[in-house]
Amino acid sequence: MLSDNMTIQLNKQLNREFYSSYLYLAMSAWCTHAGYKGAASWFIIQHEEERVHAFKIYNYLLGQGSKIELHDVKNPPIEYTSLLECFQNSLAHEQKMSHSLNELCDLSNQEKDHATYGFLQWFVQEQVEEESSVLDIVSKLKLISDGNGIFLLDSQLLQRQAGTQEVK
Ligand code: FEO
């Protein structure tokens, strides 16, 4: 059984995951409008993965007999000045998500809640992969100085398959 505080904090994380899903949907829409078909597809996959993350927490809370509290999901930004800025915002967001997950791990340790600590480890590993893949894309975008390079990178982003972070 989860403590009241853990239930509150996991519900907040649930909301953050739904916001992440919403954020990536908005980024995908911006990419489509800007003509970045590959990045739009990449962000749609990310949008779907974040929804899966939210449902993992949703199911964990229900499985523990805890209440679900669905909060308002705030509006994500819908405009970016460049593809680089879009991915930089994604990276900053994932770094914040890693921070909030670390705080949840700290709380589960303080409460000696080993079940929740174990449950959160999947998310901790997922964050390592997400930060790494977005950082890689940001680094490539910083190296690229012309439209041809961005076109080639966008074509690579189109190759991402659901369920992976891989961009070759
Ligand atoms: Fe589910 Fe990308 O945080």
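Which residues lie nearest the centre of the largest pocket? Select Tyr19, Lys74, His93, Lys96 and Met97, which lie nearest that centre among the 16 residues of the lining. A pocket here is an open set of points on a 1 Å grid over the protein atoms alone, where a 1.4 Å probe fits, with protein on both sides within 12 Å along at least five of seven lines; lining residues have an atom within 4 Å of a point.

The model is predicted, so local features need pLDDT of at least 70 and side-chain atom pairs pLDDT 80 or more, while totals for chains, interfaces and linings use all residues. Residues are numbered from 1 along each chain as its sequence is written, and side-chain values use heavy atoms, without hydrogens and water.

Next, colour helix α3, residues 83-110. Helices are DSSP runs of H or I with at least four residues, numbered from the N terminus. The largest share of the pocket lining, eight residues, comes from α3.

Then add helix α4, residues 114-143. The axes of α3 and α4 come within 9 Å and cross at roughly 160 degrees; axes are lines fitted to C-alpha atoms over the stretch in contact, and angles run from 0 to 180 degrees between N-to-C directions. The two helices are therefore roughly antiparallel, a term for angles over 145 degrees.

Finally, select Lys112, just after α3, which takes a positive phi of about 55 degrees.

Technical notes. Parallel < 35°, antiparallel > 145°, perpendicular 65-115°, else oblique.
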